[in-house]
Structure formats: C-alpha cells, structure tokens
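User: I am new to this structure and would like to be taken through it step by step. Could we go through it as questions and answers?

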Amino acid sequence: MAASEHRQRRRLLSALVLTVLFLLACRMTGVSLPLLVRRGGHLTDIVSRLFPPDAAFFPTALPLLGATIQMSVTGTALGSLLALLAAPLCARSVPGPRFLKKLARGCIQVLRSFPALILALPATFLFGLTSFSGAAAITVYTFAILTRLTYEDLETAPDAAFRALLAMGSPVPSACFRALMPAVRPAFLTNVLYLLEANVRHSAILGYVGAGGIGLLLNEKVSWREYDKVGAILVLLFAAVFLMERLGDLLSAVVRGARPMRRSGRRILAAALAAAVILCTVTLQPPDLSHTSPALLRSMVSGLLHPDWSLFATLGGDGVWHLLLETVAIAFAGTCAGAAVSLAMVFFSTPRLVPRPLAAAVNLAVLAIRTVPFLIYGLIFIRVTGPGSFAGVLTLAMCSVGLLCKRFAQAIDAADFRPAEALKSMGTSWLPRLARGLLPQLRAPFASAVLYRFDVNIREASVLGLVGAGGIGAPLVFAMNQYAWDKASALALGLVLLAWLVDAVSARVRVHLS
Amino acid sequence: MPENEGYAIAQLELRGVGKTYPSGTRALRDVSFSLEQGTFLSVIGPSGAGKTTLFRILNGTERCSAGEVLYQGIPFGSAGGRRKRAVQKGIGTIYQDFCLVEQADCLQNVLNAALPDMHPLTGALGIFSRQQRLEAEALLERVGLGDKRGTCVRELSGGQKQRVAIARALMRRPALLLADEPVASLDPVTGRQVLELLRDIQAETGVTILMNSHNLELARAFSRRLLGLHGGAVVFDGPPEALDDAALQAVYGEEGACGSV
C-alpha cells in the first residue's frame, strides 16, 4: 500500500479522534454556545467599561506595580542563580552519584508541577502577607523551570572540552563551569529573559492570595466592579509588559551577538543589571514572621508527608481522579478552542500575507490579549457564564490565543513561500495555494506550539479554581487555607502525577512529530 | 523527432518585449523572437543580462512594460486575471531551487499540479480523483522515482528533487516547458542526467522546452537553438554551431570568450 495514502488516512483518523475528544471535553466542562451568545452582552459591557481608564487612579496603583516588578526581578534573579548551581547536579553528562542525580531530578519534577500561585500560598503562611512571599514563590518557580531547561541543555551540549579537562585531572565543578557551562550560556540567558517577562505577568496575580504586588488591588477592583480602575491597572500592566518585552528583545539580541557591543559596554550593562537586581532585592518588603510558629511548621510538614489517601480511593466529585479529569478537560477544550481561533487569526497577522497596517493592528490586539493576566480573564468570564468549568475553558482559550498567535506567526515568517509561488505561476487560486503549498510546512511547528501551550494550560487550569472557574485548584487552595495539609498533600500529589503524565505524553508526540 | 513542419502560427512569439522596473532599471529592451512547437531553446548570457526577467515574464510572474507576448496567438504578456491564468495552465515550469513542498511526499507534490483545474475547496482539501493519482504515479515512474512516491521530498537528493519537479510540470501536460537554471544547483553528472531526461521527454511528447542557463557547455550540447542576451537585448539567435568566437564575445563580453567552452 502506498505510504502517501496511508499517511493521509492516519492524519484523517487523528483529526477525527481529536474532534471526538474535544466534544467530550466540551460536554464535561459544560461548554454551551447558546449561553455564550445569550450572555455575551455582559462581556462587551465589561470591556467597554474598562475604557476610558481612570487616570486619577495611576498614583495609587503605581507603587504596587513597582512592587510587582520588584518581586519578579528578585525572584527571577535568585531562581536563576540557584538553577545555575543545581543544573549540573541533575545533568547526566556530569559525573556524580547516580542516586543523588535521580533524587535531584525528582525534586525538580515535583516543584515544576506547581504554578507560581499555588507556591505563593504556603509562602504566605511562612512569610506573612508580604511581597517577600511573592518573591519567594517566583524564586522557586523560576528555579524549577530553569533547572530543568538547563540540565536538558547540558546533556545535549558538546562535552569534548569538558571531558578533556576531566582527563587532565581537573575537579568536576571547575571543569563543568569552565568547559560545559559556556556552551549553554546563550540558551540559559535567553531562557532567563523569557522567564523575567513571563514572571511579571505571574507576579501581577500573586496578590490574589495575599503575596504582594498589584494583584490584590486588581482583584478588589474587579470584585467591586470599578472597571475604570481595573482599566487603569491593566494599562499600567500593558506598559510594563511591553517595556519588559522590549528590554528582553534588546538583551537577547546582545546575548545572541546580533547586536555588537564593546567589552566595556557589556561590562557597564552587566553592572547596571546587577545593581538593579540588588536594589530590587534589598528594598523588598521584609518577611512578616509574627504568625509563623514551630507548631504551624510541624503540622505543615507532617500533613504534607501523610497525604489523605481516601481522596484517591473515590471516583466521586471530590476525589482526586475526578478533579484531575476535569482539569484536563478544561485545559484540552481551552487549548483546542484557542488553537482554532488563532489559526483563523494568524493569517491576518503577518505582512507576508495581508497589507502591513492590517497585520500591525492584529498584532497589537494579540499583544493586548497576552498582557491581561489569565486570572483576570477568569474573573471577567465568571461574570458572563457564572461560576464553573465553562468560564475556565473560555479563560484558557483566550490566553492560548495570545501565545499561539505569536508562535504561529513566527512559523509563517520562517516558512518557504517559493512552492506556493510555483503553484501560483501554474494558475492555482489562493486557497489551494495556501492549503497545499504553505500548510504542509506549518503542520509541525504549529503542532509543537499547541502542545507546549497545552502543557502550560494544564498548569494554569489547576489555579482557575481560585476564581471559581473549576478544576483541582479550588479544593487545593481551600484545603491549604483550612490548614488541612493531609488533603492538600493528596491533591498536590495528584497535580504532580498529572504534570508527569503530560510530560511523558508530549515527549512521545514530539518524537512522532519530528 | 516529431517536429511539426506544418504548424501555422508560432507557438510562442515575443514582439518587442521590454521591461523597466519602477527603480528605473531597464532589464529587457526590444526582445523579439518566435518559437516553433518542439524546439529546445536555451537562453544564455552573463549574470544581469535579463535571463531571469525574461523567464518571469514568460511564466506570468511579471508583466512586460513594452511589447507583447503571444502564446499560441493569444496575447498574455500584459494580460491579467483569468486570461493570464488560462495561459499559465498550459505552461509547465521547473526552477533552479525546485520550489517543492519539502514536508510533503513526492506523490503529493506531483498531484499539486492538478490544483489549477480543480474547485478551490476540493483542491485545498486534497481530494484527488483516482485517475489523477494514477497519472501522477505514472509520471513519477517515468522520471525514475516510482519507488519514492511516499517519501518526503526533504529526504531526497538534489537530482531526485528536480525529477519530482519535472514530474509535477509534466502533470500539466504542457505544450511549453520553461526551465529556469534547472541544473545550476546540481553536480555536473546529475545535471547532465536531468537534461538527458528532459531531452527524452521532448522526444516522446513533442513539448517545447525553453531553458535559462549559464552553463554554456550543457546549453550547447542539448539545445537546438541558442538565444544570447546581453544588457537586456538579443545579441545572438541561432543554432549552437553558429556560436563562434565573435558571437561569444558579443554575448559574454571580453573575458567570456575563453570561458567554459
């Protein structure tokens, strides 16, 4: 049988399976188009009330925005530093006790399963309702992600020089930092810059659990329906994210060597960045330890070590399995819906296919979508659909559009237009030209972007519960607030399991794609 | 050779074709020639002589700014829209850089040539008839790639890619085959094999071939007629035997005469 037909049939089959899964996920999460159409007016109502933003509110919000940026800068810097030390411990290509490596990797995998917001909650129990807690949460979050990325890079980096130094008898740590680290440095710095930008967005919602920053204010204004003030905060946030993105682009150009710079210039830049980090760190609100007692710590540790297994024994609504399934369904439906919308949108966002002004306008809209912290979407959609998983699906769909449009556009910019041109010169009209000349090139990069977003959405779906938008987050936060550490531990274990499963599945699919 | 002696109108005729770009560059000036069915014509000339511009006008990517191109008596050099598309459908094209969809397999790439005759929607979805599939498979067989139809183009060698491109062009059942530097990205042996394939196909189908080439040796060996361009104007038009040193100098200028002959 010809491989060509076989491949087509397999593609058709996987499209069918995906559609069925999507419909099942929609059913489970109560997605209802009629409801959306009927109540969609509330959405446009809220959005229109964000404008014009209340300019008088800027002076109140600005210091809190400062604290937000402070938290993310400190957290990113400390987390990166720790990751730099931990990554060689985890990497298989660096000699060391196997048992220790396994353990270290396991710890990283567990930490990586939790979104910053979930990490921030225990931090507030330890360090009080201060921005110190927020910085601590961001530190751990950055540490976990970056260690993983870096040890994977270390394992694939060329290691001839490293082994040569070892053979000369140089100690492992110095050989590692002299010969192995330089190979992964550009990738490491690029990742740090990307995380810094993402962390500004994450920090903006940490206030929701009292961990400092602008989130508390944002939540308060949404609850009081003072949408013009919400608009003002979002404008500030938009400006901050925009500036961070620009700064990130500039710095990564320097890192990649695309922007030549003299040695003295580099030193001045590095010193300025270090000074900024130190300034952010020392002026951070100090921890409030007045509510922390040895008894609290003891009950926390013993609870976490003794998960409530009964939550695993039931298939009912409050058991771990049902909550996990619901979380996956929300993430899956949200990702699919977001991917579909992005797919329709992205072809209008590249100057290679549409007039430049139109492309610029679409891109600006996508940036605006990306700026709003996802929990805020949750709070807004709750007002439209009422509490429940449907709001969660809409939230994640919205956030997915923000990221996927950007990734898709990058793929189109990298595509080869000559085959489509050749089809054009044969007299083929535009639709089959795009479908058969361009789309085959985009399948793999698009799929990998969607896969990545699904991974992110699983994590975000686990905090949606905070605003009442379904998933495993609500019971987890509830348990922690009640100091029911055994329950929290069981639910957290479920999250770890889920993150591990998604990792394994997406690794499989990725191999299949390439 | 199935040369059609009694052909009434020339298959392709250029009348005083000129091309001036918006930047003011005059790429072609007053190019006139006509082509009979079944000829193998090579356009030669140094870089910047206007070979590529001429090719782009002939395949409809660009319009000429003076004169007219007649294809089987129908003017299309300055035409647009549906009329141009109708002419384009009867012309097969192969390129120096192949212009294949690298991520798709050979069969799908050949089938893409059926798109102009299909409804846009069925075309976009890739729903081809059994007959189209059989034809595409037969063409792959013809260019010597019968066993590669399910292989991704990305995994092929340069010569194999150009064979797929030839099969795609033949799928249009063209009366005219345009070849833009078809062997420039290939090594000499593979390049010769590709040209031999083109010559055999011409013998079988009587298709006219118009090739752009800066490889003078191969152009001489395979063409029945050469057209020399210099500075956008025709400076030589005749059989390869007539291309003497004086003519070479006119085409390539001072240093070209001792070139690749």
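User: In what order do the six strands of the open sheet in chain B lie?

Analyst: This is a predicted model, and in it the strands of this open sheet in chain B are joined by mixed pairing. From one strand to the next, the twist averages 15°. The order of the six strands is β6-β7-β8-β3-β9-β10.

User: Which strands of chain B stand at the edges of that sheet?

Analyst: A strand at an edge has a single partner strand, so one side of it is left without a neighbour in the sheet. In chain B this applies to the strand of residues 91-94 and to the strand of residues 233-238, which are β6 and β10.

User: In β9 of chain B, which residue is the bridge partner of B:V43?

Analyst: Strand β3 (residues 40-44) and strand β9 (residues 225-230) of chain B run parallel and are joined by four bridges. Within β9(B), the partner of B:V43 is B:L227.

User: At about what angle to β8(B) does helix α1 of chain B run?

Analyst: Helix α1, residues 51-58 of chain B, lies across β3, β7, β8 and β9 of that chain. Its direction relative to β8(B), which covers residues 208-212, is about 145°.

User: Which helix gives the most to the side of domain 1 of chain B that touches domain 2 of chain B?

Analyst: The domain assignment of chain B gives domain 1 as 9-90 + 174-261 and domain 2 as 101-173, and their C-alpha centres lie 26 Å apart. In the contact between them, 12 residues of domain 1 meet 11 residues of domain 2. With six residues on the domain 1 side, the helix that gives the most is α7 (residues 188-205) of chain B.

User: Which helix gives the most to the side of chain B that touches chain A?

Analyst: The contact takes 28 residues from chain B and 21 residues from chain A. On the chain B side, α2 (81-88), α3 (106-111) and α4 (120-125) each supply at least two residues, while by class this side has 11 nonpolar, 11 polar and six charged residues. The most, three residues, comes from α4(B).

User: How far apart are the end C-alpha atoms of helix α21 of chain A?

Analyst: Helix α21 of chain A has 29 residues, 485-513, and its buried residues include A:W485, A:L491 and A:L498, with α14 (320-346) and α19 (430-461) of chain A among what covers the buried residues. At 1.5 Å a residue the helix should span 42 Å, which agrees with the distance between its end C-alpha atoms, 41 Å.

Methods
Residues numbered from 1 in each chain as written. Chains lettered and ligands numbered in written order. Predicted model: local features only at pLDDT ≥ 70, side-chain atom pairs only at ≥ 80, totals over all residues. Contact = placed C-beta atoms within 7 Å. Nonpolar A, V, L, I, M, F, W, Y, C, P; charged D, E, K, R; others polar. Pairing = 2+ DSSP bridges. Axes fitted to C-alpha atoms, helices over the stretch in contact; angles between N-to-C directions. Domains from an automatic or database assignment. Expected span 1.5 Å × (residues − 1). Buried ≥ 20, exposed ≤ 12 C-beta atoms within 10 Å, placed from the backbone.
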